[in-house]
Structures are given as C-alpha cells and as structure tokens.
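Good morning, and thank you for coming. Please look at the sequence and the structure as they appear, and keep them in view while I speak.

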Amino acid sequence: MSQVHRVPVSPLKQWWLKWRFHLNILLILIPLGFMPKYFADAKLLRGDAGLGVNPISAIQVGPYTVDLAELRNEAPRADGPAGHFKAFNAALCKACIGDAKAIYLRIGKPRNLRAAGSIFFGAPYRMSTNLPVPARTRPDARIWITLEGWDGSMHQGSVALADASPATVAWLKKQGGKP
C-alpha cells in the first residue's frame, strides 16, 4: 500500500482559512459607515433638506424676492484652468415666477446684462448655478443677483459674500490675494 503524503499548509494559508469570514464581514461593514453622508447628500440634492446651507431668505431684487443658499459649506472647488467655483441654489418668489426670464449671479456689480454672471438653471423653486470665484476677490465683496424679465426689464439686488458663503470668505482670507 502506498502512503499519502500531505503537503504542509503554509502559515499564510492557515491565516486565510481562519480569518476569511471576518474579513468578508469587514468588507460589508466599511461601506455602511459612509451611508449617513451619502443619504444626507442625496437628500440635499433632491431638495428635501431645503436649498442648502446658510440660506438667505427674501433678498430684494427690484420688486421681487429671491431665496439664496450655498450648496455645501466648503471652500470653492478648483475646476482646472477655469479657476474656482462655488455652487449656489436659489428659489424665486411665487409672484415673480411668470415674470422672470433669467436669473444671474455674479461677484461684483455687473456693468450690463451681457456681463451679468453665471445663469441659474432648473425649476423656479430650486435653481442651481456654479459661481466663479476669482482668487483675488476681496472678502468684503458682494454677490449680485440680476433678474431679467420677459418685458426686457432688469432688476438687481445684492448680498454680502460673508452672509452668503462664510466658507468662501475663509478660503479667500487663507489665499491672501494669491492667484
């Protein structure tokens, strides 16, 4: 009769056979730790959590009012050679929904409608835009909202950048005027 020779099992294989179940459980539990942030972001993007953080209600833009909020409480994000951008949401008042053709957002007062800034898009109760934030912007700057009417009228209102986005002001102070 021939004898069966058993090959000794390596220590790595012994460890794997002993701990593979625990490692698989760990692979399931790690993503669960990120779920609360995922659901909070999804709720914000759906509009269930309001317009965003630091909401400013009833900004007077001519005869109308606009609610404005930054999407996230973070510094502006870099977008390659285009510079840094900050996401904002806005909601129109019920009276101006039919009268508003377009709403624009800009840092600094626009000279005319051609330089009005970035345009909002989306439903009137939750519009979004990405506002370019130059690195040399002064922390005491103002954000201007321009509302263009269907009749060709142009209405403007402003709010301090520090009120609309404290995170952007902190980022600007940290930049210290660097490009």
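I shall speak about the nonpolar core, then about one strand and its partners, and finally about a single alanine. Please bear in mind throughout that this is a predicted model.

Let us begin with the core. The largest nonpolar core contains 30 residues. Within this core, the residues that touch the most other members are L68, L92, I103, L105, I143 and I145. Which elements each supply at least two residues of this core? On the strand side they are β1, β2, β4, β5, β8 and β9, and the helices α2 and α3 do so as well. With 4 residues, β5 provides the largest share.

I would ask you now to find I143. Leaving aside residues up to four places away in sequence, I143 touches ten residues by name: F88, L105, R106, I107, L131, G157, S158, V159, L161 and A164.

Next, we turn to strand β9, which spans residues 142-149. Is β9 mostly covered or mostly exposed? It is mostly covered, as 7 of the 8 residues in β9 are buried. Strand β9 pairs with β5 in the antiparallel sense, over 7 bridges. Here L105 stands opposite I145 of β9, and both L105 and I145 are among the core residues that touch the most other members.

Strand β9 is also joined to β10, residues 154-160, by 7 bridges, and these two strands run antiparallel. One bridge pair to look for is T146 with Q156, the latter in β10. The hairpin of β9 and β10 has 4 residues between the strands, and in this hairpin G152 takes a positive phi near 90°.

A positive phi brings me to my last residue, A58. Where does A58 lie? Its place is in strand β1, which covers residues 53-61. A58 has a positive phi of about 55°, although A58 is not a glycine. Why does A58 count as partly exposed? The reason is its relative accessibility of 48%, since partly exposed residues fall between the limits of 20% and 50%.

As for its surroundings, A58 touches T65, V66 and D67, not counting residues up to four places away in sequence. A58 and A91 are 33 residues apart in sequence, yet their C-alpha atoms are 9.6 Å apart in space.

That concludes my presentation, and I thank you for your attention.

Definitions and conventions
Residues numbered from 1 in each chain as written. Predicted model: local features only at pLDDT ≥ 70, side-chain atom pairs only at ≥ 80, totals over all residues. Heavy atoms only, no water. Core = buried A, V, L, I, M, F, W, Y, C linked by side-chain atoms within 4.5 Å. Buried < 20%, exposed > 50% of the residue type's maximum accessible area, 1.4 Å probe, protein only. Contact = heavy atoms within 4.5 Å. Pairing = 2+ DSSP bridges.
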